[in-house]
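Good morning, colleagues. I would like to take a few minutes on the aromatic side chains of the structure that I am about to show.

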Amino acid sequence: MESLSTFWLSIILFGLILSSAFFSSAETSMMAINRYRLKVLSKNNKNAKRTEHLLNDLDHLIGTILLSNNFVNIFASSIATILAIKLWGGDSIVLASLTLTFIILVFAETTPKTFAAKNPEKIALPASIIIAALIKLFKPFVWLIAQLSKMILALFGMKNEPYNNLISSEELRMVVSDAKPVIASNYQKMLLNIIDLEKVKVEDIMIPRHELISIDINKPDEILKQFERIQHTRLLTYDTSSDNITGVLHMRDIVNLYAKGNFSIDNALALVRTPYFVPEGTSLAHQLAHFQQQKRRLGLIVDEYGEVRGMIVLEDILEEIVGQFTSNQNESIDEITKQKDGSYLIDSRISIRELNNLLQLNLSITKAKTLNGLILETLQSIPKRGVSLKIDNMLIEIMQISEQTIKLVKLTKLD
């Protein structure tokens, strides 16, 4: 090596610094590249497919890059030492080491790694060709290094587990939230709502049992009266006892009977659909799948004792994804009325989820599902008219009471 001219030693040193920069940028780009975009690119790009294959075996990938990079840096240090002695004598070794350290730090570490972190695809994909060849060349050495690393990690109680590229729902939410330039805001909101379907239970959006209209199939006169004044699209039917539910009757079917001139009580009751029961605690994501499998649009929610707690319909689940349909806007207006002073008059039967969505609140739904339930849970008693309480940053005043339930409250947001 000493027989080489100063010119060739300088060329070799320059080449080693460039090699160090290559390995540093390759390592950073491989770690920074988006795995999901890489999967998409790998369908039509050989380099992307090769890069994905390399990332599936991190032990050999990291081992090869580090082995090569350390070899290059140590070799560069030796060349710099020889070159310094040839040019300035033995006293210049320390200066040469400091100078080389600065050059490697700036030109072979910081600058290439910063560029690679910002442009991982530009570096990782073409670099995969060289890295793959080096892995084959140094495979025995890399395997030995990997085994030694595993042994050392095992001494500290660390297991060598495969890379887990699965993401949680919260991480998926962050991905969708950060995709504003790519996804329209309305679609983004729908995607976020779909992700949340797993967290929301059927009882969170159900129509409570006390709001359901039911008829006794053994009382024809009452059935006719109910048909005349009914404003709902569905009726529950029961036999003698309201707990003995026999099915659901859709008013659209009754209208069709009238239109065809075939209406009679017997014909109407023949249209009663067998009840479809849904266990309490079922997530909306699972229930949506169940509705699709069972070819159903409606289900009765039952608790652990088999008692009906309410009704869930397909439209309510769809509203959780796309927002309220126009046909249901009147219900929201009736339940919440804004006053001139900025407060709100609210029907306390409104669900907390709906209240949170309409007024941009963050009330907990873990203890109670309706505003009435939340107030009773907080006070631990049935309040009198005029009683006020503070929940989070809201002042709630009881406006109307009806026996065992609160009918109307006044809600004021506090600053």
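I shall go through the aromatic ring pairs in turn and then turn to a cluster.

Please bear in mind that this is a predicted model. By the centre-distance rule for rings, the count comes to 6 aromatic pairs.

One of these is formed by F71 and F75, with 5.9 Å centre to centre and 35 degrees between the planes, a tilted arrangement. Both residues lie in helix 4, which covers residues 58–88, and they are 4 residues apart, about one turn of the helix. How accessible is F71, buried or exposed? F71 has a relative accessibility of 55% and therefore counts as exposed, since the cut-off for that class is over 50%. F75, at 29% relative accessible area, is partly exposed.

Next, consider Y276 and F291. Their ring centres are 6.1 Å apart and their planes stand at 55 degrees, so this pair is tilted. Where do the two residues sit in the chain? Y276 belongs to the loop between helix 13 (265–269) and strand 5 (277–279), whereas F291 belongs to helix 14 (residues 284–294). The two are 15 residues apart, and the pair links distant parts of the chain. Y276 has a relative accessible area of 14% and is buried, because buried means under 20%. F291 is buried as well, with a relative accessible area of 2%.

Finally, the cluster. Which residues do ring pairs link into it? They are F227, Y258 and F263.

Thank you for your attention.

Methods: Residues numbered from 1 in each chain as written. Predicted model: local features only at pLDDT ≥ 70, side-chain atom pairs only at ≥ 80, totals over all residues. Heavy atoms only, no water. Phe/Tyr/Trp six-rings, centres within 6.5 Å; stacked < 30°, edge-to-face > 60°. Buried < 20%, exposed > 50% of the residue type's maximum accessible area, 1.4 Å probe, protein only.
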